[in-house]
Amino acid sequence: MFALHPYLQSALGGLMIGLASWWLLVSLGRVAGISGIAAALLPGRGPTSERAWQAAFLAGLILGGALFAQLLHTPTTPLRPLPLLLGAGFLVGLGTVMGSGCTSGHGVCGLGRRSVRSLAATATFMGSGMATVALLKLFQA
């Protein structure tokens, strides 16, 4: 429906993520760390008084992403083999537990609050991602 340049889509998406994380912090005093929000919704985890906003936040994240992907005709990537996706998901989950947070919590919210721990975590996962891409490109050439 909309024909926006991919760079503009990315910039607007980044602004919306920043606004959403700020809004959650200002309105509820909570950090928009997706892994923490999702983990708190698991049975026996987190206070039940928080579940309504957590479920609404995650639903908005999924539904909003799906809606705008359709409206903006975002580029798609080819499907990957299920074992690769499961392995990648496992490593991300393990890193999230070991790093006491995910990329959204540390990178968006933690850096915005000037957290030194979040700076170390963000530098580590960004550096690891860059090194992985560089190695893959080196060995695929």
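Leaving aside its neighbours within four places in sequence, which residues is Leu-24 in contact with? Select Leu-24 and you will find Gly-29, Arg-30, Val-31, Ala-32, Ile-37, Trp-53 and Phe-57 in contact with it, where contact means heavy atoms within 4.5 Å.

Before going on, note that this is a predicted model, in which local features need pLDDT of at least 70, side-chain atom pairs count only at pLDDT 80 or more, and totals for chains, interfaces and linings use all residues. Residues are numbered from 1 along each chain as its sequence is written, and side-chain values use heavy atoms, with hydrogens and water left out.

Next, add Ala-32, Ile-37, Trp-53, Leu-58 and Cys-109 to Leu-24, which together form the largest nonpolar core, a set of buried Ala, Val, Leu, Ile, Met, Phe, Trp, Tyr and Cys residues joined through side-chain atoms within 4.5 Å.

From Cys-109, move along helix H5 (residues 103–112), where Ser-104, Gly-105, His-106 and Gly-110 are buried as well, buried being under 20% relative accessible area with a 1.4 Å probe and protein chains only. Helices here are DSSP runs of H or I with at least four residues, numbered from the N terminus. The buried residues of H5 pack against helix H1 (6–28), helix H2 (34–40) and helix H6 (116–140). After H5, pick Arg-114, whose phi is positive, near 60°.

Definitions and conventions
Buried means under 20% relative accessible area, exposed over 50%, partly exposed in between (1.4 Å probe, protein chains only). Helices (H or I, at least four residues) and strands (E, at least two) are DSSP runs, numbered from the N terminus.
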